Amino acid sequence: MTFKRKAGPLVGLTAAALVLTACATSERDSGTSTDTGTAGTDGETTSAVFTFGGAGAPATFDPYYASDGETFRVSRQIFENLIGITPGTADLEPELAESWEPDDSGLNWTFTLRDDVTFHDGTPFDAEAACANFERMFDQNEVGRSVAYYWGATFGAFADDADNSLYQGCEVTGEHELVMTISRVTSKFPAILSLTSFGMQSPTALEEGDANGISQSGEAFVYPENANNPVGTGPYTFSGYDEATRTVTLERYDEYWGEPAKTEQIVIRAIPDESTRRQELQAGGIDGYDLPNPVDWQGLEDEGNQVEVRPAFNVFYLGLNPTNNEALKDLRVRQAIYHALNREQLVQTQLPEGAAVATQFMPDTVAGYNSELEPYPYDPERAQQLLAEAGAEDLTLVFAYPTEVTRPYMPDPVKLYDAMKADLEAVGITVETVTDPWAGGYLDKAYTDYDAHFLGWTGDINSADNFLASFFGNVERNRFATNLQDFGTELGEAIVAADGILDEAERTAAYEELNQRIMEEWLPGLPISHSSPAIVVSGDVTGLVASPLTAERFDTIEVSGGN
């Protein structure tokens with residue numbers, strides 16, 4: 001089958017590009033607003049609304065405290081970063097910063113900001129506002145530190161442990177110029193500033209909404225008012241969220257500094273069931289949705305829809321957490337579970353065309369991928385032998401999968417779970433099934449409540465560190481509980497060491513060796529597969545640019561046949 005592939009190829013981000021080179025001036029110039037609610041460029045009637053079916057509900061509207069794609073889908077329309085991503089690629093481009101460059105040490109980075117930007121509440125965007133954002137991110141209470149996943153995974157530490165943080169400060173050196181200081185040279189800086197979690201928020205809104213006043217009540221996090229009142233600089237403003245229908249409404253920001261959004265309003269409805277999303281598209285209730293079932297791709301195109309297949313840039317894994325289950329500290333037990341899984345059959349029967357069995361925690365498009373590694377073979381007899389050697393013949397696993405969600409790496413959690421559960425039971429492992437809603441506790445409980453669980457990762461930037469450090473870099477808090485393993489500190493230090501190598505070839509070799517050690521010596525979790533996810537829109541939609549990072553912006557979209 002042939003499907004449209006409009007996304008551009010992934011381009012490697014070299015050390016020179018990330019660390020030594022200043023970026024060019026932004027090509028996003030302000031345009032003249034046009035009324036897209038009535039007529040398109042060819043005079044045809046267009047819709048004022050683009051309605052999209054998301055695979056789940058946002059967890060929060062403050063992207064700083066988020067780590068899930070459904071939150072980021074909404075945030076990406078509202079917030080912008082100092083550094084952006086060129087649509088359809090994984091390349092960096094100027095966004096709110098026009099340019100950036102390091103000093104000779106590589107530790108002090110000067111950012112020149114746009115001088116024509118305001119937040120949605122009228123607050124000017126300038127160097128003071130940008131530094132206020134980073135200081136807010138840095139200075140978190142205990143609960144905030146536990147929730148701010150991306151800061152911990154990329155900058156490593158917060159103000160309470162400042163000496164161990166990559167971030168060392170932000171100094172205003174002019175109205176639209178700042179200097180950010182980092183503690184060490186790293187391949188991921190400044191690329192990490194493009195992460196949606198680090199979008200610029202109005203300092204006025206942050207203060208009025210007590211942005212850092214996050215707390216915890218039982219197992220639930222209580223977000224401050226700022227999390228319900230997102231104020232950014234992007235092409236759309238937040239209009240409201242209907243919790244009953246789990247529907248987000250966004251309105252075009254007419255004072256936007258760049259080219260105005262083509263559509264007046266964006267409506268994003270959470271429709272967790274994929275078949276329901278398809279039915280809604282067929283009935284005209286929505287104009288597009290994410291993650292169509294691979295078996296439906298051809299049928300969707302035959303009906304006149306557009307299926308855009310993104311390049312595989314993800315990993316689906318089985319997380320193993322020894323916090324509750326001491327047996328999982330034993331490498332032989334983890335290896336046994338891996339050998340018990342018929343991953344080749346899983347990929348062939350449950351995942352889209354082009355999916356591949358994983359040999360490591362990153363896809364082969366990322367520099368540092370070790371092409372010499374072979375998949376752990378499906379070997380039930382070996383699995384039983386290893387369990388016996390470890391004294392774990394009676395192993396019981398509390399095994400969880402998420403409900404009310406579909407993810408790029410995990411198109412149908414129930415079917416994937418049923419297949420793996422059967423494989424585990426076939427080698428004598430007792431499986432206790434647990435389910436929780438994706439946005440209703442699942443992600444938080446993965447740290448402590450489950451022995452085994454489904455999760456995955458779609459890369460945010462084209463960097464080995466973005467995969468490995470996101471999984472294992474924060475030794476004290478990660479979903480694999482590597483702090484309980486005798487190798488946890490060594491693994492964390494090895495990730496930092498590889499990331500700090502300036503020479504690209506040497507750094508790539510270090511990551512290749514590290515991937516081998518992760519899979520052969522340590523095996524903290526079990527990478528399962530890589531998938532090519534799709535996004536589908538009706539034949540009336542134009543302007544969608546599919547992203548390998550699943551980071552689509554909707555401001556370029558038009559819908560013909562207006563309402």
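Modeller: In this discussion, contact means heavy atoms within 4.5 Å. Please keep in mind that the model before us is predicted.

Colleague: Let us begin with helix α10. Which of its residues are buried?

Modeller: A residue counts as buried when its relative accessible area is under 20%. In α10, which spans residues 343-350, Arg343, Leu346 and Val347 meet that description. Viewed down the helix axis, these buried residues fall within an arc of 95°, so they line one face of α10.

Colleague: Against which elements do the buried residues of α10 pack?

Modeller: Their partners are α9 (331-340), β16 (356-357), α12 (413-426) and β20 (525-530). On the face turned away from the buried side, α10 carries the exposed residues Gln348 and Thr349.

Colleague: I should like to turn to strands. How should one think of the side chains along a strand?

Modeller: In a regular strand, side chains alternate between the two faces of the sheet. As a case here, consider strand β11, residues 247-252.

Colleague: How many of the residues of β11 are buried?

Modeller: The strand is mostly covered, with 5 of its 6 residues buried.

Colleague: In which sense do β10 and β11 pair?

Modeller: Strand β10, residues 236-242, pairs with β11 in the antiparallel sense over 6 bridges. Within this pairing, Phe238 stands opposite Leu250 of β11. The hairpin of β10 and β11 has 4 residues between the strands, and Arg246 takes a positive phi near 50° there.

Colleague: What is the bridge partner of Thr249 in β12?

Modeller: The partner of Thr249 is Val267. Strand β12 covers residues 265-270 and pairs with β11 in the antiparallel sense, over 5 bridges.

Colleague: May we consider a single side chain next? Is Arg278 buried or exposed?

Modeller: Arg278 is buried, its relative accessible area being 15%. This arginine is found in helix α7, residues 274-283.

Colleague: Which residues does Arg278 touch, not counting those up to four places away in sequence?

Modeller: With those sequence neighbours set aside, Arg278 touches Tyr289, Asp296, Gly299, Leu300 and Glu303.

Colleague: How should I read a disulfide in such a model?

Modeller: A disulfide is a covalent bond between the sulfur atoms of two cysteines. In this structure the count comes to 1 disulfide. It is formed by Cys131 and Cys170, whose sulfur atoms are 2.1 Å apart.

Colleague: Where do Cys131 and Cys170 lie?

Modeller: Cys131 lies in helix α3 (residues 127-138) and Cys170 in strand β6 (residues 167-174), so the pair ties together parts that are 39 residues apart in sequence. The link of Cys131 and Cys170 is left-handed, with -70° about the S-S bond. Both Cys131 and Cys170 are buried.

Colleague: Finally, I would ask about internal space. How many cavities of 30 Å³ or more does a search of the whole structure find?

Modeller: The search finds 3 such cavities. The largest cavity holds about 70 Å³ of space.

Colleague: Which residues line the largest cavity?

Modeller: Its lining includes several prolines, among them Pro292, Pro294, Pro352 and Pro408. Other lining residues include Leu291, Trp297, Arg407, Ser531 and Ala534.

Colleague: One further proline interests me. Where is Pro102 placed?

Modeller: Pro102 is in strand β4, residues 97-102. At 17% relative accessibility, Pro102 counts as buried. From C-alpha to C-alpha, Pro102 and Val496 are 20 Å apart in space, while 394 residues separate them in sequence.

Key
Residues are numbered from 1 along each chain as its sequence is written. This is a predicted model: local features need pLDDT of at least 70, side-chain atom pairs count only at pLDDT 80 or more; totals for chains, interfaces and linings use all residues. Side-chain values use heavy atoms; hydrogens and water are left out. Buried means under 20% relative accessible area, exposed over 50%, partly exposed in between (1.4 Å probe, protein chains only). Helices (H or I, at least four residues) and strands (E, at least two) are DSSP runs, numbered from the N terminus. The arc is that of the directions from the helix axis to the C-beta atoms. Two strands pair if DSSP finds at least two bridges between them. A disulfide is a pair of cysteine sulfur atoms within 2.5 Å. On a 1 Å grid over the protein atoms alone, a cavity is a set of points where a 1.4 Å probe fits but cannot get out, and a pocket is an open set with protein on both sides within 12 Å along at least five of seven lines; lining residues have an atom within 4 Å of a point. Grid points are joined across faces, edges and corners, and a volume is the space filled by probe spheres set on the points.
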